Amino acid sequence: LECKPDASTPIILCDAFYGFPTQKRPRNERVRAVSRQLTNFLQWRSEASEKNCNNIHSHVHVLGKGKDIESVKTRVDELGTQTKASTEQIIFD
């Protein structure tokens with residue numbers, strides 16, 4: 001079986017401009033939830049691509065306030081080392 005790259009690359013936007021809570025516990029919970037969802041999605045895409053031999057890649061743009069984005073980025077990087085998810089497909093704006 002020969003794998004050929006897919007010509008289309010879906011782009012997903014994660015809009016976090018509504019902001020995260022300012023209280024420590026709710027904020028951490030929100031950061032963890034968003035980070036886990038991004039990581040799970042990319043891991044699923046990666047596994048589906050390997051299984052179906054179709055090299056589907058997605059780019060995820062995360063939009064939001066600097067402090068919120070930095071928190072999500074840090075957490076996604078941590079989760080990325082624990083999973084097969086490629087965090088290189090996430091663009092933090």
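Biologist: Which side chain makes a polar contact with the side chain of Asp 68?

Modeller: This is a predicted model: local features need pLDDT of at least 70, side-chain atom pairs count only at pLDDT 80 or more, and totals for chains, interfaces and linings use all residues. Residues are numbered from 1 along each chain as its sequence is written, and side-chain values use heavy atoms, with hydrogens and water left out. A polar contact is a pair of N or O atoms within 3.5 Å; within protein, one must be able to donate a hydrogen and the other to accept it, and residues adjacent in sequence count only if both atoms are side-chain atoms. At 2.7 Å, the side chain of Asp 68 makes such a contact with the side chain of Arg 27.

Biologist: Is Asp 68 buried or exposed?

Modeller: Buried means under 20% relative accessible area, exposed over 50%, and partly exposed in between (1.4 Å probe, protein chains only). The relative accessible area of Asp 68 is 6%, so Asp 68 is buried.

Biologist: Which helix holds Asp 68?

Modeller: Helices (H or I, at least four residues) and strands (E, at least two) are DSSP runs, numbered from the N terminus. The chain has two helices and three strands. Asp 68 is found in helix α2.

Biologist: In what order do the elements of the chain run?

Modeller: Start at the N terminus. Strands and helices then follow as β-α-β-α-β.

Biologist: What is the order of the strands in the sheet?

Modeller: Two strands pair if DSSP finds at least two bridges between them. β1 and β2 (residues 59-64) pair over six bridges, while β2 and β3 pair over three. The edge strands, each pairing on one side only, are β1 (11-16) and β3 (90-92). The open, parallel sheet has the order β1-β2-β3.

Biologist: Which residue of β3 is the bridge partner of Val 62?

Modeller: On the β1 side, Ile 11 stands opposite His 59 in β2. In β3, the bridge partner of Val 62 is Phe 92.

Biologist: At about what angle does helix α1 run to β2?

Modeller: Axes are lines fitted to C-alpha atoms, for helices over the stretch in contact (heavy atoms within 4.5 Å), and angles run from 0 to 180 degrees between N-to-C directions. Helix α2 (residues 66-82) packs on the sheet, touching β1, β2 and β3, and makes about 150 degrees with β3. Helix α1 (residues 24-52) also lies across β1, β2 and β3. With β2, the angle of α1 is about 165 degrees.

Biologist: Within what arc do the buried residues of α2 fall?

Modeller: The buried residues of α2 are Asp 68, Ile 69, Val 72, Val 76, Leu 79 and Gly 80. They line one face of the helix, because seen down the axis they fall within a limited arc. That arc is taken from the directions from the helix axis to the C-beta atoms. It spans 100 degrees.

Biologist: Which residues are exposed on the other side of α2?

Modeller: What covers the buried residues includes β1, α1, β2 and β3. On the other side, the exposed residues are Gly 66, Lys 67 and Thr 81.

Biologist: What share of the chain counts as buried?

Modeller: The protein chain has 93 residues. The buried share is 31%.
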